[in-house]
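Here are a few notes from going through the structure, for whenever you have a moment with the viewer open. I have kept them as numbered points so you can check each in turn.

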Amino acid sequence: MSSEPRTEKDWYSILGARPSDSPAELRQKYQKLALLYHPDKQRRDISAEQEAEGARKFIEISQAWKILGNEETKRTYDLRRRDGEMTRSFPVDNQIHIEDMIWHEDEEYYYYSCRCGGQYIADKSDLQQTSLVNCDSCSLIIEILQEAQR
Ligand SMILES: [Zn+2]
């Protein structure tokens, strides 16, 4: 595991893309920028600073694509990003111990009723990535407290 910086760059905005873009749209935006800033495509008459800036941009774009162009790393990044946004924009409404949630046998997920009548739903893979779950019908969020593995 490589160590990741605590504050991550917004890879979407580096590509001029949005989180809602499809993989094909992301690829298109990446390719357009990569072509624009590719060291081999730079004009001959630009200054050394412009050349350095172009090279820096090209590296940044490549990094963004390395993360967003791969299904696995994109998913991990999206989840981290969502957690960050959720903690910033909404306060956590409640803390729930995982034992207090109800396990849905057939569908294999945990659920917990929200006071709005909606539900908080989390499956096991969600819980490996995040402890924050939002209600499926309002903007409330709960933090799920999990016991350490025994
Ligand atoms: Zn709710």
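1. Let me begin with the charge pairs: searching the whole structure turns up seven salt bridges. Please keep in mind that this is a predicted model.

2. One pair worth a look is Glu 60 with Lys 9, a salt bridge whose closest N and O atoms are 3.3 Å apart. Glu 60 sits in helix H3 (residues 48-68) and Lys 9 in the segment before helix H1 (11-14), so this contact ties together parts that are 51 residues apart in sequence.

3. Next, the metal. Which residues hold the zinc ion? Its ligands are the SG atoms of Cys 114, Cys 116, Cys 135 and Cys 138, at 2.2 to 2.4 Å. Along the sequence, these donor residues follow the spacing C-x1-C-x18-C-x2-C.

4. You may like the geometry here: the angles among the four donor atoms run from 105 to 114°, and the zinc site is tetrahedral. For reference, the ideal angle for four tetrahedral donors is 109.5 degrees.

5. Cys 116 belongs to the loop between S3 and strand S4 (119-122), while Cys 138 belongs to the loop between strand S5 (132-134) and strand S6 (141-145), so this pair links parts 22 residues apart in sequence.

6. Finally, do look at Glu 108, in the loop between strand S2 (102-104) and strand S3 (109-113). Its phi is near 60°, a positive value in a residue other than glycine. Glu 108 also joins Glu 105, Asp 106 and Glu 107 in a patch of negative charge on the surface.

Terms used: Residues numbered from 1 in each chain as written. Predicted model: local features only at pLDDT ≥ 70, side-chain atom pairs only at ≥ 80, totals over all residues. Heavy atoms only, no water. Helix = DSSP H or I, 4+ residues; strand = E, 2+ residues; numbered from the N terminus. Patch = residues over 30% accessible without salt bridge, like charges linked within 9 Å, V, L, I, M, F, W, Y side chains within 5 Å. Areas by Shrake-Rupley, 256 points an atom, 1.4 Å probe, with all protein chains shown as cover. Salt bridge = Lys/Arg side-chain N within 4 Å of Asp/Glu carboxyl O. Lys, Arg positive; Asp, Glu negative; His and termini not counted. Charge placed at Lys NZ, Arg CZ, Asp CG, Glu CD. Donors = N, O, S within 2.8 Å, 3.2 Å for Na, K, Ca; no water. Tetrahedral: all angles 85-135°; square planar, octahedral: opposite > 155°, others 65-115°.
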